[in-house]
Amino acid sequence: MMADLPVADSSGSRSVLKKAALEEFRSGLHGRIILPGESAYEGARKIWNGMIDRKPGLIVQCRGADDVISCINLAREEDILLAVRGGGHNVAGNAVCEGGLVIDLSEMRSVRTDVNNHVVHIEGGATLGDVDRETSSHGMATPMGVVTATGYAGLTLHGGMGWQLRKHGLASDNVLGVDIVTADGSLLRANAGENPDLFWAVRGGGGNFGVVTSFSSGLHPVPEEVLFSVFVFSLDNAAAVLRFMRDYMAEAPDELMVLAALWTAPDLPDIPPQHRGSHVLFVLGCYIGPPGDAEAFVKPLRTCRPTVADLSSRKSWVEVQKFFDEDYPPGRRYYWKSTLIKGLTDPVIEAVVRQTASRPSMLTSIDIWPMGGAFGRVDPAATAFGSRDVAFTVNYESNWDDADNDQANIQWTRTSLKEVQDLSQARTYLNFAGLAEDMEKMVRGSFGDNFSRLQAIKAKYDPANLFRTNFNISPGKKGS
């Protein structure tokens, strides 16, 4: 027999869910409720980032949209703080809340490919790896990120950058429609013809408007095998290589996506012993055009300065997507910040090279993604993501293992990010948002001119701000 359950209300204050309400709720579920003290609770509340240590009042592992509707109705009617877990990979920890109700979609991971129409249907709990496994067998992929344990939903709702960005845009640009449960418990379809305002909002506007239980996203052919280039340069040559990359990518074909990562040389046989463990620059390139053309387009990046090592190889698409997986294990401590900048100027380059040498953790990297291509050709008013005139994304991915080093790594990240933002007109990328501190300023800065439109849509679909734990957009006035 259940007892009254301590929970947090929507403001975070202590409250109680009466046992009668809890029993009635459980009786209508297809999924599973996990409560504090049960054997499954500790595992269910933990997420990828080891810095996040929150204890929900109850976790509901949903089996379908009906369960999601029941959870939303309970949270609204009983005034319970609500969080939504897709893949549980968000750095800021939005997937769990202290004392509240967690809608856990991890049992909803179905992926179905419609080969004839080049569409993939993805449930809200699926990971990138789930999607790749299903679509790659058909020689196709949808644009996503580059760590396969990441949840598709969380990544896509705020944009989603990866190897197809310059050819096919953000993950959110390729969403054709969603099934979404809104704050009143309605299951809606949102696409270009049905609830188009909501469809606009979820493509880059995050999880502020409901729980997306399923996505329909466009697929694109990918080669059976791609040339995945991995060039390693000494830090002494890093500034020159970054300047060359900046200028080269301004004219490069859309099929070429490049990532420059200021990082640490691993202990691998192909790395000369004197460079292992040292500060280096990786330039990684993925060419998704005709395989025979790849070498001609990546060669200039390899030969612009002498390399320490060349780790390039031909890989299947799934192998390319898994390349970074081992570097981001669950339970490590992560604090990531990101900024989209209009120019990779010489002062910015000099700053990031200098910052690399001062990293408190050698697990940390500074990653630079050239943008442009298909990403830059989307009208900024077409989706909630907004401005497309940024030329580069700079990610500070601070990673470490010892909790005693939290403050040193967090402070280095904040200071380094601010230096770059002061050097170039910038906006925040919300998938890498630290611990969601300075939320209002960060959110307004991220959406820019689209913010007021998002507020109006929020007021229409979630006027009581039920979905407040996901980079909160406070409701504006209806019709504003």
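**Exercise 1. Strand pairing**

In what sense do strands β10 and β11 pair, and over how many bridges?

*Solution.* Work on the predicted model. Find β10 at residues 175-181. Set β11 beside β10: the two pair in the antiparallel sense, over 5 bridges. Now check one bridge. Isoleucine 180 has leucine 188 of β11 as its bridge partner.

**Exercise 2. The whole sheet**

Give the strand order of the open sheet, then state which strands stand at the edges.

*Solution.* Start with the order. The 5 strands run β7-β8-β12-β10-β11, with antiparallel pairing. Next, take the edges. β7 (111-114) and β11 (187-191) each have a single partner strand, so one side of each lacks a neighbour in the sheet. Then add the twist, which averages 15 degrees from one strand to the next. Last, place the helix. Helix α4, residues 128-136, packs on the sheet and touches β7 and β8 (119-123). The direction of α4 makes about 35 degrees with that of β7.

**Exercise 3. Two sides of a helix**

Sort residues of helix α1 into buried and exposed, and say why the buried residues line one face.

*Solution.* Locate α1 at residues 19-27. List its buried residues, with under 20% relative accessible area: Ala21, Leu22 and Phe25. Look down the axis of α1. These buried residues fall within an arc of 100 degrees, so they line one face of the helix. An α-helix has 3.6 residues a turn, so residues three or four places apart point the same way. Turn to the other side of α1: Ala20, Glu24 and Ser27 are exposed there.

**Exercise 4. Packing partners**

Which elements do the buried residues of α1 pack against?

*Solution.* Take the strands: β1 (5-8), β2 (14-17), β3 (32-34) and β4 (58-61). Then add helix α3 (65-78).

Definitions and conventions:
Residues numbered from 1 in each chain as written. Predicted model: local features only at pLDDT ≥ 70, side-chain atom pairs only at ≥ 80, totals over all residues. Heavy atoms only, no water. Pairing = 2+ DSSP bridges. Helix = DSSP H or I, 4+ residues; strand = E, 2+ residues; numbered from the N terminus. Axes fitted to C-alpha atoms, helices over the stretch in contact; angles between N-to-C directions. Contact = heavy atoms within 4.5 Å. Buried < 20%, exposed > 50% of the residue type's maximum accessible area, 1.4 Å probe, protein only. Arc of directions from axis to C-beta.
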